[in-house]
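Here is a short set of exercises to work through with the model open beside you. Try each task before you read the solution.

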Amino acid sequence: MAKRQLYIKRYLITGLLTFVPLWLTWLVFKFVFGMLSEVSSPLVAGLVSALGSTWPATGELLGQPWLISLIAFVITLVSLYLVGFAANFVLGRRLIDGFERLIERIPLVHSIYGGTKKLMAVLRNKPSGTQRVVLIDFPSPDLKSIGFVTRVFQDASGRELAAVYVPTTPNPTGGYLEIVPVERLTATDWSVDQAMAFLLSAGAVGPDTLPFVAQWRAPDNASATIVGRNDPD
């Protein structure tokens, strides 16, 4: 009986360890798929509706929600590829510049677009004077969190500060913006891709050693606990 329980426990743990990476991968894929498919879904739905008015059978076949999402996902990927391809040529660059000048005339849209564009730009290049991927004392001095340095600036006294984006896991699109003194950053040799893999996998994928020495303080009642254990009474 005990041996059977041991096998059951072992198989459950093995199944859990096999399922968790697949589940996390599915969550990330589902998020990316949903985000990209939503961009082109109205266009695809409109085209399917137009086809349905002329060819009802075709409209009914293509009108399945999952198929609309799949087609929209493919269209968005192709569109992103074409935008990236065109951006490498003079004509495409001029079209994009003209579109950006148009956006600059819309106050609220300009703020959102400009801020997002700057964030994407800073993630490509390492800021001067510090590493891109760092560790900071967050959410408490005894804990460490992975952060991305977006810029380095100075306060009124001339002290160097860093704007650090601390993403959540396993969804890094949400997070916190922390202003941290540069000397309190723990530099790493990680690339952005390695840090993202560590975050998306909830720490399962990453290096075996970390670039700092753990120096956590013992709980206040640790000494009392130790004395109590050694007390012969």
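**Exercise 1.** Which backbone oxygen lies 2.6 Å from a polar atom of the side chain of Ser145? Find it, then describe the surroundings of Ser145.

*Solution.* Keep in mind throughout that this is a predicted model.

- Step 1: Place the residue. Ser145 belongs to strand 2, which covers residues 144–154.
- Step 2: Look for the oxygen. The backbone oxygen is that of Phe138, 2.6 Å from a polar atom of the Ser145 side chain.
- Step 3: List the contacts. Leaving aside residues up to four places away in sequence, Ser145 touches Val134, Leu135, Ile136, Phe138, Pro139 and Val166.
- Step 4: Judge the burial. The relative accessibility of Ser145 is 15%, and the limit for buried is under 20%, so Ser145 counts as buried.

**Exercise 2.** How many bridges join strand 1 to strand 2, and how many pair strand 2 with strand 3? Follow the strands one pair at a time.

*Solution.*

- Step 1: Begin with strand 1, residues 133–137. Strand 1 runs antiparallel to strand 2, and 5 bridges join them.
- Step 2: Pick a pair of residues. Val134 stands opposite Gly147 of strand 2.
- Step 3: Check the connection. Strand 1 and strand 2 make a hairpin, with 6 residues between them.
- Step 4: Move on to strand 3, residues 160–167. The pairing of strand 2 with strand 3 is antiparallel and has 6 bridges; Val152 has Ala162 in strand 3 as its bridge partner.
- Step 5: Inspect the second turn. The hairpin of strand 2 and strand 3 has 5 residues between the strands, and Gly158 takes a positive phi near 95° there.

**Exercise 3.** How far apart in space, C-alpha to C-alpha, are Leu185 and Val134?

*Solution.*

- Step 1: Locate Leu185. You will find Leu185 in the loop between strand 4 (175–181) and strand 5 (186–187).
- Step 2: Compare sequence and space. Leu185 and Val134 are 51 residues apart in sequence, and their C-alpha atoms are 6.3 Å apart.
- Step 3: Decide on burial. Leu185 has 14% relative accessibility against a limit of under 20%, so Leu185 is buried.

**Exercise 4.** Thr76 and Tyr81 are both to be found in helix 3. Is Thr76 buried or exposed, and is Tyr81 buried or exposed?

*Solution.*

- Step 1: Take Thr76 in helix 3, residues 65–86. Its relative accessible area is 5%, so Thr76 counts as buried.
- Step 2: See what Thr76 meets. Not counting residues up to four places away in sequence, Thr76 touches Leu36, Val39 and Ser40.
- Step 3: Turn to Tyr81. At 58% relative accessibility, with exposed meaning over 50%, Tyr81 is exposed.
- Step 4: Look around Tyr81 on the surface. Tyr81 helps make a nonpolar patch of about 870 Å², together with Trp66, Leu70, Val74, Val78, Leu82, Phe85 and Phe89.

**Exercise 5.** How many helices and strands are in the protein chain, and what pattern do they follow?

*Solution.*

- Step 1: Count the elements. The protein chain has 7 helices and 5 strands.
- Step 2: Read them in order. The pattern along the sequence is α-α-α-α-α-β-β-β-β-β-α-α.
- Step 3: Add the burial. Buried residues are 21% of the 233 in the protein chain.
- Step 4: Add the contacts. Of contacts between residues at least 6 apart in sequence, 43% join residues at least 24 apart.
- Step 5: Finish with the surface. The protein chain has an accessible surface of about 17,100 Å², with 65% of this belonging to carbon and sulfur atoms.

Conventions: Residues are numbered from 1 along each chain as its sequence is written. This is a predicted model: local features need pLDDT of at least 70, side-chain atom pairs count only at pLDDT 80 or more; totals for chains, interfaces and linings use all residues. Side-chain values use heavy atoms; hydrogens and water are left out. Helices (H or I, at least four residues) and strands (E, at least two) are DSSP runs, numbered from the N terminus. Buried means under 20% relative accessible area, exposed over 50%, partly exposed in between (1.4 Å probe, protein chains only). Contact means heavy atoms within 4.5 Å. Accessible areas come from the Shrake-Rupley method with a 1.4 Å probe; for residues, only the protein chains shown count as cover. A polar contact is a pair of N or O atoms within 3.5 Å; within protein, one must be able to donate a hydrogen and the other to accept it, and residues adjacent in sequence count only if both atoms are side-chain atoms. Patches are made of residues with over 30% relative accessible area and no salt bridge: like charges are joined within 9 Å, nonpolar side chains (Val, Leu, Ile, Met, Phe, Trp, Tyr) within 5 Å. A salt bridge is a side-chain nitrogen of Lys or Arg within 4 Å of a carboxyl oxygen of Asp or Glu. Two strands pair if DSSP finds at least two bridges between them.
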